[in-house]
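The following note is offered to a colleague beginning to read protein structures. Its points are best followed with the sequence and the 3D view side by side.

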Amino acid sequence: MKLDRIDRAILKLLQADSQLTHQAIAERVGSSSSSIWRRIQALEAGGVIIGRVALVDAEKVGLTVSVICNVKLAHHNDESRVEFEALVQAAPEVVGCYAVSGNHDYTLLVMVRDVKDYERFLTQTLLNSPWVDAASSSFTLRTVKRTTAVDI
């Protein structure tokens, strides 16, 4: 999908505040409300906009421990990847999962209430899986930057 200047401006505005009205966006980009509505519909249909969410402060809802967990699979075949990814999709503790190159196969971002919850997740879910060979964990000390916005 080819994006023009107005599409890019719409995306920047929606990334900053997904609750902006079509009229508010139209005023900021110099277009009509109906044109903005059509453009947003096209961006959604084209898969450029994949969802709209409310961002939650994890600490304020009791998720005080963030862990970066590097996982090495036991086997490197399609079945192992599919099964591991299904395991991750089903785990509410995992808020991010990336297939990576290097010394491990996946990097997970895990958010839990406390270290005991992480130990339970690690031992009962990850290391108990036949698809996982090893996992190494790094506990985050503080968040320096957290954004969902991409540079457009």
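1. In this predicted model, helix H1 (residues 5-16) and helix H3 (residues 33-45) have axes that come within 11 Å and cross at roughly 80 degrees. Because angles of 65 to 115 degrees count as roughly perpendicular, H1 is roughly perpendicular to H3.

2. Which residues make this contact? From H1 they are Ile6, Asp7, Ile10, Leu11 and Leu14, and from H3 they are Ile36, Arg39, Ile40 and Leu43. Sorted by class, the contact of H1 with H3 has seven nonpolar residues, two charged residues and no polar ones.

3. A second topic is the sheet. Four strands form an open sheet with antiparallel pairing, in the order E2-E3-E1-E4. Strand E2 (94-99) and strand E4 (132-139) are the edge strands, as each pairs on one side only. On average, and with direction ignored, neighbouring strands of this sheet are turned by 20 degrees against each other.

4. Within the sheet, strand E1 (residues 65-73) and strand E3 (residues 106-112) run antiparallel and are joined by seven bridges. For valine 71, the bridge partner in E3 is tyrosine 106.

5. Two helices should be viewed together with the sheet. Helix H4 (residues 78-90) packs on the sheet and touches E1, E2, E3 and E4; the direction of H4 makes about 15 degrees with that of E3. Helix H5 (residues 115-126) also packs on the sheet, touching E1, E2, E3 and E4, and the direction of H5 makes about 165 degrees with that of E4.

Terms used
Residues numbered from 1 in each chain as written. Predicted model: local features only at pLDDT ≥ 70, side-chain atom pairs only at ≥ 80, totals over all residues. Heavy atoms only, no water. Pairing = 2+ DSSP bridges. Axes fitted to C-alpha atoms, helices over the stretch in contact; angles between N-to-C directions. Contact = heavy atoms within 4.5 Å. Parallel < 35°, antiparallel > 145°, perpendicular 65-115°, else oblique. Nonpolar A, V, L, I, M, F, W, Y, C, P; charged D, E, K, R; others polar.
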